[in-house]
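Thank you all for making time this morning. I would like to walk through one structure with you, going residue by residue and keeping to what can be read from the atoms.

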Amino acid sequence: MSKSHLNTRGKILDKALEMFNERGIEYVGLRELAGLLDIRVSNITYYFPTKDDLVYELSLELSKTNAAIIVASEDLTMHSFLEMMHRVYHNQVQFRCLLLSFVHVMQQNKRIAEAYKKTQTVRNATIKTNIDVLTKGGYLQVKDEDEKEFLVSTLSLISRFWISEAAVSARPKGTEAQIRYYLSMVTRLLTPYATAKGKREMRSFEDALQG
């Protein structure tokens, strides 16, 4: 694909993400998007035959960038685990339209729904591995598989829906303040399982966020 084609394709994706984030995926059509880009609809459908194809491409980008952040590491500490979550939440904000329209997207776009199932399986396995590392490192005390599954599913639930919940509750105001608030939910979730060493790193992380 030529450089000009790549530039056009990239501009379409960038403008679509901007408008979807601003107005919602359900409320921006290809004709409106073409008008904002000052191009013909056919220029968009050349790269993305349908709106679902366009949304699917954005979902792949979100998955790709999250995958680069959520990694298993034998050197993981409680502080670096929480920092990983912090980076994920910031990345999600860049693609917030997908999370705000999560149910609609899953129902409307079968390719996204299928890809999400596979991605979530890999993601949960990575989180489970990291919980094992934190346990071995003396940051957590997780007694059995049931407790581990509870932590994995709850961490995934917070990550999946915190943006939607923040939009509804409108608390607290400001993206960084919202991220701090939902990260505090993560630390409270982990606190009953944390050792003294783990709790010290939680406090260190929270102090770093405030600073």
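Let me begin with a question: is Asp38 buried or exposed? Before I answer, please keep in mind that what you see is a predicted model. Asp38 has a relative accessible area of 70%, and because the limit for calling a residue exposed is over 50%, Asp38 counts as exposed. Asp38 sits in the loop that runs between α2, residues 30-37, and α3, residues 41-47, and although Asp38 is not a glycine, its phi is positive, at about 60°.

From that loop I turn to the salt bridges, of which the structure holds nine, and I will take a few of them in turn. Arg111 pairs with Asp53, and here the closest N and O atoms are 2.6 Å apart. Arg111 belongs to helix α8, residues 110-136, while Asp53 belongs to helix α4, so this pair ties together parts that are 58 residues apart in sequence. As for the surroundings of the two partners, Arg111 is partly exposed, with a relative accessible area of 42%, whereas Asp53, at 19% relative accessibility, counts as buried. The cut-off for buried is under 20%, so the value of 19% puts Asp53 in that class.

Another salt bridge joins the side chains of Lys117 and Glu114, at 3.6 Å from N to O. Both Lys117 and Glu114 lie in helix α8, three residues apart, which is about one turn of the helix. Lys117 is exposed, with a relative accessible area of 51%, and Glu114 is partly exposed, with 45%.

The next pair is Arg23 with Glu22, where the closest N and O atoms are 3.8 Å apart. Arg23 counts as partly exposed at 37% relative accessibility, while Glu22, at 55%, counts as exposed. Which residues are linked with these in a network of salt bridges? The network consists of Glu22, Arg23 and Glu32.

While we are on charged side chains, I should also point to a surface patch of positive charge, where Lys197, Lys199, Arg200 and Arg203 gather. One of these, Arg200, is placed in helix α11, residues 196-210.

Now let us move to two buried residues, and the question to ask of each is what lies around it. Cys97 is found in helix α6, residues 96-100, and at 1% relative accessibility Cys97 counts as buried. Setting aside residues up to four places away in sequence, Cys97 touches Leu17, Phe20, Asn21 and Ile25. There is also a distance to note between Cys97 and Leu58, since these residues are 39 apart in sequence and 9.9 Å apart in space, taken from C-alpha to C-alpha.

The other buried residue is Asn66, which lies in helix α4, residues 51-69, and counts as buried at 5% relative accessibility. Which residues is Asn66 in contact with, leaving aside its neighbours within four places in sequence? The contacts of Asn66 are Val88, Asn91, Gln92 and Arg123.

To close, I would ask you to look once more at Arg111 and Asp53, whose salt bridge ties helix α8 to helix α4, and then at Asp38, exposed at 70% in its loop between α2 and α3.

Technical notes: Residues are numbered from 1 along each chain as its sequence is written. This is a predicted model: local features need pLDDT of at least 70, side-chain atom pairs count only at pLDDT 80 or more; totals for chains, interfaces and linings use all residues. Side-chain values use heavy atoms; hydrogens and water are left out. Helices (H or I, at least four residues) and strands (E, at least two) are DSSP runs, numbered from the N terminus. Buried means under 20% relative accessible area, exposed over 50%, partly exposed in between (1.4 Å probe, protein chains only). Contact means heavy atoms within 4.5 Å. Patches are made of residues with over 30% relative accessible area and no salt bridge: like charges are joined within 9 Å, nonpolar side chains (Val, Leu, Ile, Met, Phe, Trp, Tyr) within 5 Å. Accessible areas come from the Shrake-Rupley method with a 1.4 Å probe; for residues, only the protein chains shown count as cover. A salt bridge is a side-chain nitrogen of Lys or Arg within 4 Å of a carboxyl oxygen of Asp or Glu. Lys and Arg count as positive and Asp and Glu as negative; His and the chain ends are not counted. The place of a charge is taken as NZ of Lys, CZ of Arg, CG of Asp or CD of Glu.
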